[in-house]
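This report introduces a protein structure to a reader who has not seen it before. It begins with the whole chain and then turns to one helix and its neighbours.

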Amino acid sequence: DVCSSDLSWAYTCVEFEDRDGNYSPYIYYNRPYISARMQYWFAWHYQLDGLFNFAMNLQPDKEKRLQDNSDPAWDVPYSNNNGPGFLVYPTKDNGIVPSMRLANIRDGLEDYEFFATLKSEAESLDKDKHQALLKEVNRELTIEKSIIASVFLWTKDPGLLAQKRNKLATLIRKVGKAKSL
């Protein structure tokens, strides 16, 4: 039920930084692309049902973009910070090209879907017959501290995410086979 009161959503509007320079995942223009992807790992970690990103259309001021050899076609008069940047950019023939931030958001959504699919598929397993498999599933549905230690300490290594995603995919297949026996 979409109107259920037990749904939990988070809203991202800004990143926070601790005293040591560690920052929360957000899609700022000057942060690693994986930061956008990690928001969805945090959504799973904290068992959120949804995530709302605010202001995905800001970028650094024109002079900063020109220094970075950015395309001046996207001039935003009110942008005086290193905002999230645009998620798509124009082409000369009036098309659009997705940004790397958008690609990482897509990857993060897919990662979340792997977790959700594994959880959903495993719920129909016989608890007595598949104890060992369910134990393995529950272990993999938890995100390791090497990926998320805190809101400020999380991996910047996409390889760790790929390894975890592969484990989830393997278990989804394993659960599917176990259900068919």
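## Helix H3 and its surroundings

Of the 181 residues in the protein, 37% are buried. The model is a predicted one. The protein contains five helices and four strands, and along the sequence these elements follow the pattern β-α-β-α-β-β-α-α-α. Among the contacts with a separation of 6 or more, 62% join residues that are 24 or more positions apart.

**Helix H3.** Helix H3 covers residues 100-122. Its 23 residues should span 33 Å at 1.5 Å a residue, and the end C-alpha atoms are indeed 33 Å apart, so the expected and modelled values agree. At the N-terminal end, Ser 99 acts as a cap of H3, with a side-chain oxygen 3.3 Å from the backbone nitrogen of Arg 101. Met 100 belongs to helix H3, and it counts as partly exposed because its relative accessibility is 46%. The C-alpha atom of Met 100 is separated by 6.6 Å from that of Tyr 33, although the two residues are 67 residues apart along the chain.

The buried residues of H3 are Arg 101, Ala 103, Asn 104, Ile 105, Asp 107, Gly 108, Asp 111, Phe 115, Leu 118 and Ala 122. An α-helix has 3.6 residues a turn, so residues three or four places apart point the same way. The buried residues of H3 pack against helix H1 (34-45), strand S3 (88-90), helix H4 (131-140) and helix H5 (158-180).

**Two helix pairs.** Two packed helices are described by the angle between their axes and the distance between the axes. The table gives these values for H3 with two of its partners.

| Pair | Axis distance | Angle | Handedness |
|---|---|---|---|
| H1 and H3 | 7 Å | about 20° | right-handed |
| H3 and H5 | within 9 Å | roughly 30° | left-handed |

Angles under 35 degrees count as roughly parallel. H1 and H3 are therefore roughly parallel to each other, and H3 and H5 are therefore roughly parallel to each other.

Where H1 meets H3, the residues on the H1 side include Tyr 40, Trp 41 and Trp 44, and those on the H3 side include Ile 105, Tyr 112 and Phe 115. Where H3 meets H5, the H3 residues include Phe 114, Phe 115 and Leu 118, and the H5 residues include Leu 168, Leu 171, Ile 172 and Val 175. Phe 115 takes part in the meeting with H1 and also in the meeting with H5, and it is one of the buried residues of H3.

**Helix H1 and the loop after it.** The twelve residues of H1 should span 16 Å at 1.5 Å a residue, and the end C-alpha atoms lie 16 Å apart, which agrees. H1 is mostly covered, with eleven of its twelve residues buried. Among them are Ile 34, Met 38, Tyr 40, Trp 41, Phe 42 and Trp 44.

Gln 47 follows H1 and is found in the loop between H1 and strand S2 (50-53). This residue has a positive phi of about 55° although it is not a glycine. Gln 47 counts as partly exposed because its relative accessibility is 41%.

Technical notes
Residues numbered from 1 in each chain as written. Predicted model: local features only at pLDDT ≥ 70, side-chain atom pairs only at ≥ 80, totals over all residues. Heavy atoms only, no water. Helix = DSSP H or I, 4+ residues; strand = E, 2+ residues; numbered from the N terminus. Expected span 1.5 Å × (residues − 1). Buried < 20%, exposed > 50% of the residue type's maximum accessible area, 1.4 Å probe, protein only. Contact = heavy atoms within 4.5 Å. Polar contact = N/O pair within 3.5 Å; in protein donor to acceptor, adjacent residues only side chain to side chain. Axes fitted to C-alpha atoms, helices over the stretch in contact; angles between N-to-C directions. Parallel < 35°, antiparallel > 145°, perpendicular 65-115°, else oblique. Left-handed = near helix turned anticlockwise from the far one by under 90°.
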